[in-house]
Amino acid sequence: MDLQLDLLDNSHDFLNNALFYYNKANLDDGHEEGQADLETKLFWKTGFILLVQSLELILKETLRRTSDVFVYENIDAPFSSDSKTISFQKSVQRLLNLKINFISTEQKDFILNCAEIRNQFIHYKVKYNSVDIKKKFCKLVEMYSIIHKKATKEKIKIWKDNEYYYKDCLKKAKDFYVFRGLEFNKKELEIFKKEISDMQEFNYCYDKKGNYFERIKYGDKRDFLYMDFKYCPHCAAKLSEYHLKMCSHEACSKCGKQLIFCGCAKGMVHIDLEVNDDDI
Ligand SMILES: [Zn+2]
Ligand SMILES: [Zn+2]
């Protein structure tokens, strides 16, 4: 089978492949040790390289649509089949010079920063953070869609299986937070923080006979489920904090098993442990 892709098709193809890896990298949506798998996070690297490549091609297509010669390094030299095409870095600057208000200086800096990360991924020793790279990825997809719209007025050919991930990137480019390694939008994060703070009030459990027994905090010396992770892998409680409701990692102080399965607790209450002078 012979395949022929023009610049735009090729750019779409790289974008779709980048989204394919975005999906793979998101199979674990945690970002802290204990929440995520290292191999899954490695997919960010390939996904990011493909995404930057797709952006490079859409920028070149934009130049080409202005004039065929603009995709070449030296626009004044006589054209031949081995004329050198413009580098990514130069194409960004050329676009900025040629097309007023097409991209901002801030966007240019961001694109060049992403191009630099891409180069590091390919050529050098690599160090990256999964939260930073996801934020950049989503922002870059958003930028791609804006540039594409301005340049072509055509629809981006997104594979059917990728439509969800494409929309997800556009959504997260605007509203994405990571707290204790977990992902939220702004509203979800507010609810989560309130839930954590509300749960700290419940310091005791009671059994069906009405007897009280202490709750065990994350990382307490009696917490046999503690695995030396900064946050509880299930509910993201931090050290010396009570778990969220129904967390499978909370230990039971009455029987020493997992609280959600042992059946000791009928409910949770707040017991004021402060001793007033009047009580003595
Ligand atoms: Zn927990
Ligand atoms: Zn128990």
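Phe 102 touches Leu 95 and Lys 150, leaving aside residues up to four places away in sequence. This is a predicted model, and Phe 102 is our way into it. The residue sits in the loop between helix H4 (88-98) and helix H5 (105-123). Is Phe 102 buried or exposed? Neither label fits: it has 17 C-beta neighbours inside 10 Å, so it counts as partly exposed. The cut-offs explain the label, because buried needs 20 or more and exposed needs 12 or fewer. Phe 102 also stands 10.0 Å from Thr 62, C-alpha to C-alpha, although 40 residues separate the two in sequence.

Thr 62 leads to helix H3. Packed helices are described by the angle between their axes and the distance between those axes. Helix H3 (residues 43-66) packs on H4 at an angle of about 45°, with the axes 10 Å apart. The two helices are therefore oblique to each other. H3 passes H4 in a left-handed crossing. Which residues of H3 meet H4? They are Glu 56, Leu 59, Lys 60, Thr 62, Leu 63 and Thr 66. On the H4 side stand Phe 88, Ser 91, Val 92, Arg 94, Leu 95 and Leu 98. Leu 95 is thus a contact of Phe 102 and part of the H4 side of this packing.

H3 has another partner in H6. Here the angle is about 20°, and the axes are again given as 10 Å apart. That makes H3 roughly parallel to H6. The crossing of H3 and H6 is left-handed. The H3 residues that meet H6 include Trp 44, Phe 48, Leu 51, Leu 55, Ile 58 and Thr 62. Thr 62 also appears in the packing of H3 on H4. From H6 come, among them, Ile 133, Phe 137, Leu 140, Tyr 144 and Ile 147.

H1 packs on H3 too. Their axes come within 8 Å and cross at roughly 160°. That makes H1 roughly antiparallel to H3. The crossing of H1 and H3 is left-handed.

Next comes helix H7. Its 12 residues, 163-174, should span 16 Å at 1.5 Å a residue. The end C-alpha atoms are 18 Å apart, which agrees. Within H7, Tyr 165, Tyr 166 and Cys 169 are buried. They cover an arc of only 105° around the axis, so they lie on the same side of H7. An α-helix has 3.6 residues a turn, so residues three or four places apart point the same way. What do the buried residues of H7 pack against? Their partners are helix H1 (7-25) and helix H6 (130-152). On the other side of H7, Glu 163, Tyr 164, Lys 167 and Lys 174 are exposed.

The last stop is the loop between strand E4 (212-214) and helix H9 (259-262), where Ala 236 lies. Most residues other than glycine have a negative phi. Ala 236 has a positive phi, near 70°. Ser 240 has a positive phi as well, near 65°, and its place is also in the loop between E4 and H9. Their surroundings are worth setting side by side. Ala 236 has 24 C-beta neighbours inside 10 Å, so it counts as buried. Ser 240 has 9 inside 10 Å, so it counts as exposed.

Notes: Residues are numbered from 1 along each chain as its sequence is written. Chains are lettered from A and ligands numbered from 1 in the order in which they are written. This is a predicted model: local features need pLDDT of at least 70, side-chain atom pairs count only at pLDDT 80 or more; totals for chains, interfaces and linings use all residues. Helices (H or I, at least four residues) and strands (E, at least two) are DSSP runs, numbered from the N terminus. Two residues are in contact if their C-beta atoms, placed from the backbone, lie within 7 Å. The expected span of a helix is 1.5 Å times one less than its number of residues. The arc is that of the directions from the helix axis to the C-beta atoms. Axes are lines fitted to C-alpha atoms, for helices over the stretch in contact, and angles run from 0 to 180 degrees between N-to-C directions. Angles under 35 degrees count as roughly parallel, over 145 as roughly antiparallel, 65 to 115 as roughly perpendicular and the rest as oblique. A crossing is left-handed if the near helix is turned anticlockwise from the far one by less than a right angle, and right-handed if clockwise.
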